[in-house]
Amino acid sequence: MTFDEKVYEIVSKIPNGKVMTYGGVAEALGNNGLARAVGNSLNRNPNPIKVPCHRVIKSDGRVGEYANGVEKKIRLLKGEGIVIKNGRIPKEHIIGM
DNA sequence: GCTCTGACGATTT
DNA sequence: GAAATCGCCAGAG
C-alpha cells in the first residue's frame, strides 16, 4: 500500500455531509504534519470517482484548492449539505475536532 | 542522493 | 484579521 493508497482510503471513509482537513487525513494515516504530501497525492487525483477529494479542506476551514476547479469543489460541498460562510466551512462539519 | 515544487500547518509580526 | 516566514513529507527531474 503506497502513501497515495492510504490517502484515498481515509478520504473515501469520509461520510456524506462531513469534511476533513488535510492535517486530519494525515493524522488518520499515522503521520502528523504531512498535510502537503496528502494534498499532493490528491492533486494527481487518480480516481476522482472513488475518492471524494472535494471533502478535504484546509485546517483554516477554507476549501483550499481543487484540480477540477475550486468553484466546482464548493458546489459539490454545498450539494452535500455543507454550509459555506464567506468561503469558509464551519468546524462543525469538520471531523476530528 | 540532492534539489525543486506542491490541493498545507502553525507561529509571529 | 492578514501577510510573511519556517517547517513538513512525498514525488519528479
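**Figure 1. Contacts and setting of Leu34 in the predicted model.** Leaving aside neighbours within four places in sequence, Leu34 is in contact with Phe3 and Ala26. This is a predicted model. Leu34 sits in the loop that joins α2 and α3. Leu34 counts as buried because its relative accessibility is 18%, and the cut-off for buried is under 20%. Tyr22 lies 12 residues away from Leu34 along the chain, and the C-alpha atoms of the two are separated by 8.3 Å. Leu34 is also one of the residues around DNA strand C, as is its contact partner Phe3.

**Figure 2. The protein surface around DNA strand C.** The residues around this strand are Phe3, Asp4, Gly33, Leu34, Arg36, Ala37, Arg44 and Arg62. Of the atoms of DNA strand C that come within 4 Å of the protein, 55% belong to sugar and phosphate. Two helices, α1 (3–12) and α3, each supply at least two residues of this surface. The largest share comes from α3, with 3 residues. By residue class, the surface near DNA strand C divides into 3 nonpolar, 1 polar and 4 charged.

**Figure 3. Polar contacts to DNA strand C.** Three side chains are shown, each with a different part of the strand. Arg36 places a polar side-chain atom 2.3 Å from a base nitrogen of DNA strand C. For Asp4, a polar side-chain atom lies 3.3 Å from a phosphate oxygen of the strand. Arg44 has a polar side-chain atom 2.9 Å from a sugar or linking oxygen.

**Figure 4. The protein surface around DNA strand B.** Here 17 residues surround the strand. The closest are Arg36, Gly39, Leu42, Asn43 and Glu65. Arg36 is also listed around DNA strand C. Sugar or phosphate accounts for 43% of the atoms of DNA strand B within 4 Å of the protein, and bases make up the rest. Helices α2 (22–29) and α3 (35–44) each supply at least two residues of the surface. The most comes from α3, which gives 7 residues. The residues of this surface divide into 6 nonpolar, 6 polar and 5 charged.

**Figure 5. Polar contacts to DNA strand B.** Tyr22 and Asn40 both reach bases of the strand through their side chains. In Tyr22, an N or O atom of the side chain is 3.1 Å from a base nitrogen of DNA strand B. In Asn40, a polar side-chain atom lies 2.8 Å from a base nitrogen. Ser59 uses its backbone: an N or O atom there lies 2.9 Å from a phosphate oxygen of DNA strand B.

**Figure 6. The largest pocket.** This pocket holds about 320 Å³ of space. It is lined by 18 residues, and those closest to its centre are Tyr22, Gly39, Glu65, Tyr66 and Lys73. Helices α2 and α3 are the elements that give two or more residues to the lining. Of the elements, α3 gives the most, with 5 residues. The lining divides into 5 nonpolar, 8 polar and 5 charged residues. Gly39 and Glu65 appear again here, as they are also among the residues closest to DNA strand B. Tyr22 returns too, with its side-chain N or O atom 3.1 Å from a base nitrogen of that strand.

Technical notes:
Residues are numbered from 1 along each chain as its sequence is written. Chains are lettered from A and ligands numbered from 1 in the order in which they are written. This is a predicted model: local features need pLDDT of at least 70, side-chain atom pairs count only at pLDDT 80 or more; totals for chains, interfaces and linings use all residues. Side-chain values use heavy atoms; hydrogens and water are left out. A residue is near a molecule or strand if one of its heavy atoms lies within 4 Å of it. A polar contact is a pair of N or O atoms within 3.5 Å; within protein, one must be able to donate a hydrogen and the other to accept it, and residues adjacent in sequence count only if both atoms are side-chain atoms. Helices (H or I, at least four residues) and strands (E, at least two) are DSSP runs, numbered from the N terminus. Ala, Val, Leu, Ile, Met, Phe, Trp, Tyr, Cys and Pro count as nonpolar, Asp, Glu, Lys and Arg as charged, and the others, Gly among them, as polar. On a 1 Å grid over the protein atoms alone, a cavity is a set of points where a 1.4 Å probe fits but cannot get out, and a pocket is an open set with protein on both sides within 12 Å along at least five of seven lines; lining residues have an atom within 4 Å of a point. Grid points are joined across faces, edges and corners, and a volume is the space filled by probe spheres set on the points. Buried means under 20% relative accessible area, exposed over 50%, partly exposed in between (1.4 Å probe, protein chains only). Contact means heavy atoms within 4.5 Å.
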